[in-house]
Amino acid sequence: MPSALQYATEAVDFHRALTVPRGPAAAGRTELDALHAHLLALYHLLDAHTDRTARLAPAEADRLRACRIRIWQAADHLHAAYHRAPHPVTGRPPTREACRARLPEGAPEHTVCGRHLSTAVTVRRDHTPTDLHDPLTDRAQH
(Lines give C-alpha, C1' and ligand atoms only; values in the text may rest on other atoms or scores of the structure.)
Protein backbone atom coordinates (compact mmCIF):
# COMPACT_ATOMS: atom_id res chain seq x y z
CA MET A 1 0.00 0.00 0.00
CA PRO A 2 1.44 3.40 -0.98
CA SER A 3 2.30 5.84 1.79
CA ALA A 4 0.97 9.38 2.06
CA LEU A 5 4.39 10.59 0.94
CA GLN A 6 4.17 8.51 -2.25
CA TYR A 7 0.74 10.04 -2.96
CA ALA A 8 2.20 13.51 -2.41
CA THR A 9 5.03 12.79 -4.84
CA GLU A 10 2.60 11.53 -7.45
CA ALA A 11 0.45 14.63 -6.93
CA VAL A 12 3.44 16.91 -7.57
CA ASP A 13 4.27 15.00 -10.75
CA PHE A 14 0.61 15.13 -11.83
CA HIS A 15 0.56 18.87 -11.20
CA ARG A 16 3.66 19.33 -13.36
CA ALA A 17 2.16 17.30 -16.19
CA LEU A 18 -1.11 19.27 -16.13
CA THR A 19 -0.09 22.83 -15.39
CA VAL A 20 3.46 23.48 -16.59
CA PRO A 21 3.22 24.61 -20.20
CA ARG A 22 5.52 23.38 -22.93
CA GLY A 23 7.81 25.95 -24.44
CA PRO A 24 9.29 29.12 -22.97
CA ALA A 25 7.35 30.60 -20.09
CA ALA A 26 8.55 32.10 -16.84
CA ALA A 27 7.37 30.55 -13.60
CA GLY A 28 4.86 32.79 -11.88
CA ARG A 29 4.98 33.95 -8.31
CA THR A 30 2.10 31.69 -7.29
CA GLU A 31 3.96 28.62 -8.55
CA LEU A 32 7.26 29.72 -6.97
CA ASP A 33 5.49 30.34 -3.65
CA ALA A 34 3.92 26.85 -3.76
CA LEU A 35 7.27 25.25 -4.63
CA HIS A 36 8.91 27.12 -1.75
CA ALA A 37 6.24 25.85 0.67
CA HIS A 38 6.72 22.33 -0.67
CA LEU A 39 10.51 22.42 -0.20
CA LEU A 40 10.22 23.74 3.33
CA ALA A 41 7.75 21.01 4.22
CA LEU A 42 10.27 18.53 2.83
CA TYR A 43 13.04 20.22 4.85
CA HIS A 44 11.05 19.75 8.06
CA LEU A 45 10.30 16.11 7.18
CA LEU A 46 14.01 15.45 6.61
CA ASP A 47 14.76 17.27 9.86
CA ALA A 48 12.48 14.89 11.77
CA HIS A 49 14.02 11.83 10.10
CA THR A 50 17.55 13.11 10.71
CA ASP A 51 16.86 13.61 14.43
CA ARG A 52 15.34 10.14 14.76
CA THR A 53 18.13 8.46 12.78
CA ALA A 54 21.13 10.19 14.38
CA ARG A 55 21.31 7.96 17.48
CA LEU A 56 20.79 4.69 15.60
CA ALA A 57 22.69 5.18 12.35
CA PRO A 58 25.10 8.13 12.43
CA ALA A 59 26.40 7.61 8.87
CA GLU A 60 22.86 7.59 7.47
CA ALA A 61 22.02 10.67 9.54
CA ASP A 62 25.00 12.50 8.00
CA ARG A 63 23.56 11.83 4.55
CA LEU A 64 20.11 13.00 5.64
CA ARG A 65 21.70 16.13 7.09
CA ALA A 66 23.39 16.81 3.74
CA CYS A 67 20.01 16.39 2.01
CA ARG A 68 18.45 18.81 4.45
CA ILE A 69 21.12 21.43 3.68
CA ARG A 70 20.61 21.01 -0.08
CA ILE A 71 16.84 21.40 0.33
CA TRP A 72 17.39 24.61 2.31
CA GLN A 73 19.75 25.91 -0.38
CA ALA A 74 17.11 25.19 -3.03
CA ALA A 75 14.41 26.91 -0.95
CA ASP A 76 16.68 29.92 -0.52
CA HIS A 77 17.09 30.17 -4.30
CA LEU A 78 13.32 29.83 -4.78
CA HIS A 79 12.76 32.64 -2.31
CA ALA A 80 15.13 34.85 -4.30
CA ALA A 81 13.50 33.83 -7.61
CA TYR A 82 10.08 34.72 -6.20
CA HIS A 83 11.20 38.29 -5.54
CA ARG A 84 12.70 38.61 -9.01
CA ALA A 85 9.65 37.23 -10.82
CA PRO A 86 7.27 39.66 -12.52
CA HIS A 87 4.75 41.23 -10.18
CA PRO A 88 1.23 39.90 -10.86
CA VAL A 89 -0.35 43.38 -10.98
CA THR A 90 2.18 45.19 -13.19
CA GLY A 91 3.55 42.19 -15.07
CA ARG A 92 7.01 43.65 -14.70
CA PRO A 93 9.93 42.36 -12.67
CA PRO A 94 11.07 44.57 -9.81
CA THR A 95 13.64 47.23 -10.61
CA ARG A 96 17.26 46.78 -9.62
CA GLU A 97 16.87 49.57 -7.10
CA ALA A 98 13.91 47.83 -5.44
CA CYS A 99 15.84 44.55 -5.29
CA ARG A 100 18.89 46.25 -3.79
CA ALA A 101 16.80 48.14 -1.25
CA ARG A 102 14.89 44.94 -0.40
CA LEU A 103 11.66 46.90 -0.33
CA PRO A 104 8.76 44.97 1.20
CA GLU A 105 5.90 44.32 -1.18
CA GLY A 106 3.19 43.87 1.41
CA ALA A 107 0.66 41.08 1.95
CA PRO A 108 0.14 38.49 0.53
CA GLU A 109 3.67 38.68 -0.84
CA HIS A 110 5.04 38.55 2.70
CA THR A 111 3.72 35.00 3.18
CA VAL A 112 6.73 33.52 1.40
CA CYS A 113 9.07 35.73 3.44
CA GLY A 114 7.45 34.81 6.76
CA ARG A 115 7.69 31.11 5.97
CA HIS A 116 11.30 31.51 4.88
CA LEU A 117 12.33 33.50 7.94
CA SER A 118 10.66 31.14 10.41
CA THR A 119 12.48 28.17 8.88
CA ALA A 120 15.73 30.16 8.77
CA VAL A 121 15.70 30.22 12.58
CA THR A 122 15.82 26.41 12.61
CA VAL A 123 18.40 26.31 9.84
CA ARG A 124 20.76 28.71 11.58
CA ARG A 125 20.36 26.80 14.86
CA ASP A 126 21.19 23.44 13.26
CA HIS A 127 23.80 24.37 10.64
CA THR A 128 26.95 26.46 10.61
CA PRO A 129 27.53 29.11 7.93
CA THR A 130 30.21 26.82 6.50
CA ASP A 131 27.66 23.99 6.18
CA LEU A 132 25.23 26.27 4.38
CA HIS A 133 27.76 27.61 1.89
CA ASP A 134 29.86 24.49 1.38
CA PRO A 135 29.33 23.09 -2.13
CA LEU A 136 30.48 19.69 -0.87
CA THR A 137 27.77 18.83 1.63
CA ASP A 138 28.03 15.19 0.59
CA ARG A 139 31.23 14.52 2.52
CA ALA A 140 30.58 11.65 4.90
CA GLN A 141 31.86 12.08 8.43
CA HIS A 142 31.63 8.38 9.32
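1. I begin with Arg 65, which is partly exposed, with a relative accessible area of 23%. In this predicted model, Arg 65 is joined by a salt bridge to Asp 131, and the closest N and O atoms of the two are 2.6 Å apart. The pair links distant parts of the chain, since Asp 131 belongs to helix H6 (residues 129–133) and Arg 65 to helix H3, 66 residues apart. Asp 131, unlike its partner, counts as buried, because its relative accessible area is 17% and the cut-off for a buried residue is under 20%.

2. It helps to set this pair against the overall fold. The secondary structure of the protein consists of six helices and zero strands, so that, read from the N terminus on, the order of elements is α-α-α-α-α-α. Among contacts with a separation of 6 or more, 74% are made by residues 24 or more positions apart. Of the 142 residues of the protein, 27% count as buried, and the protein exposes about 10000 Å², of which carbon and sulfur atoms supply 61%.

3. The next point concerns the salt bridges, of which the structure holds six. One of them joins Asp 47 to Arg 68, with the closest N and O atoms 2.4 Å apart. This pair, too, links distant parts of the chain, with Asp 47 in helix H2 and Arg 68 in helix H3, 21 residues apart. Both Asp 47 and Arg 68 are buried. The two residues also take part in a network of salt bridges, in which Asp 47, Arg 68, Arg 125 and Asp 126 are linked.

4. A salt bridge within one helix is worth examining beside these. Arg 16 is bridged to Asp 13, and their closest N and O atoms lie 2.8 Å apart. Both residues belong to helix H1 (residues 4–19), where they are three residues apart, or about one turn of the helix. Arg 16 counts as partly exposed because its relative accessibility is 44%, and Asp 13 is likewise partly exposed, with a relative accessible area of 43%.

5. Which residues touch the most other members of the largest nonpolar core? That core has 17 residues, and the ones with the most such neighbours are Leu 32, Leu 39, Tyr 43, Ile 71, Trp 72 and Val 123. Helices H2, H3 and H5 (110–126) each supply at least two residues of this core, while H3 gives the most, with six residues. As general background, nonpolar side chains in soluble globular proteins tend to be buried together.

6. Two members of the core, Tyr 43 and Trp 72, deserve a closer reading. A search of the whole structure finds one aromatic pair, and this pair is formed by Tyr 43 and Trp 72, whose rings are 6.4 Å apart centre to centre, with 65° between the planes. The arrangement is called edge-to-face because the planes are over 60 degrees apart. The pair links distant parts of the chain, with Tyr 43 in helix H2 and Trp 72 in helix H3, 29 residues apart. Both Tyr 43 and Trp 72 are buried.

7. The surroundings of Trp 72 extend beyond its aromatic partner. When its neighbours within four places in sequence are left aside, Trp 72 is in contact with Leu 40, Tyr 43, His 116, Thr 119, Ala 120, Val 123 and Leu 132. His 116 also appears in the surroundings of His 79, which, again leaving aside neighbours within four places in sequence, is in contact with His 36, Val 112, Cys 113 and His 116.

8. What of His 79, and is this residue buried or exposed? His 79 lies in helix H3 (residues 58–84), and it counts as buried because its relative accessibility is 16%, where the cut-off is under 20%.

9. My last point turns to the surface, where Leu 5, Leu 42 and Leu 45 form a nonpolar patch with about 220 Å² of accessible area together. Leu 42 is found in helix H2 (residues 29–54), the helix that also holds Tyr 43 of the aromatic pair. Leu 42 is described as partly exposed because its relative accessible area is 30%, whereas Tyr 43 is buried.

Definitions and conventions:
Residues numbered from 1 in each chain as written. Predicted model: local features only at pLDDT ≥ 70, side-chain atom pairs only at ≥ 80, totals over all residues. Heavy atoms only, no water. Helix = DSSP H or I, 4+ residues; strand = E, 2+ residues; numbered from the N terminus. Buried < 20%, exposed > 50% of the residue type's maximum accessible area, 1.4 Å probe, protein only. Contact = heavy atoms within 4.5 Å. Areas by Shrake-Rupley, 256 points an atom, 1.4 Å probe, with all protein chains shown as cover. Patch = residues over 30% accessible without salt bridge, like charges linked within 9 Å, V, L, I, M, F, W, Y side chains within 5 Å. Salt bridge = Lys/Arg side-chain N within 4 Å of Asp/Glu carboxyl O. Core = buried A, V, L, I, M, F, W, Y, C linked by side-chain atoms within 4.5 Å. Phe/Tyr/Trp six-rings, centres within 6.5 Å; stacked < 30°, edge-to-face > 60°.
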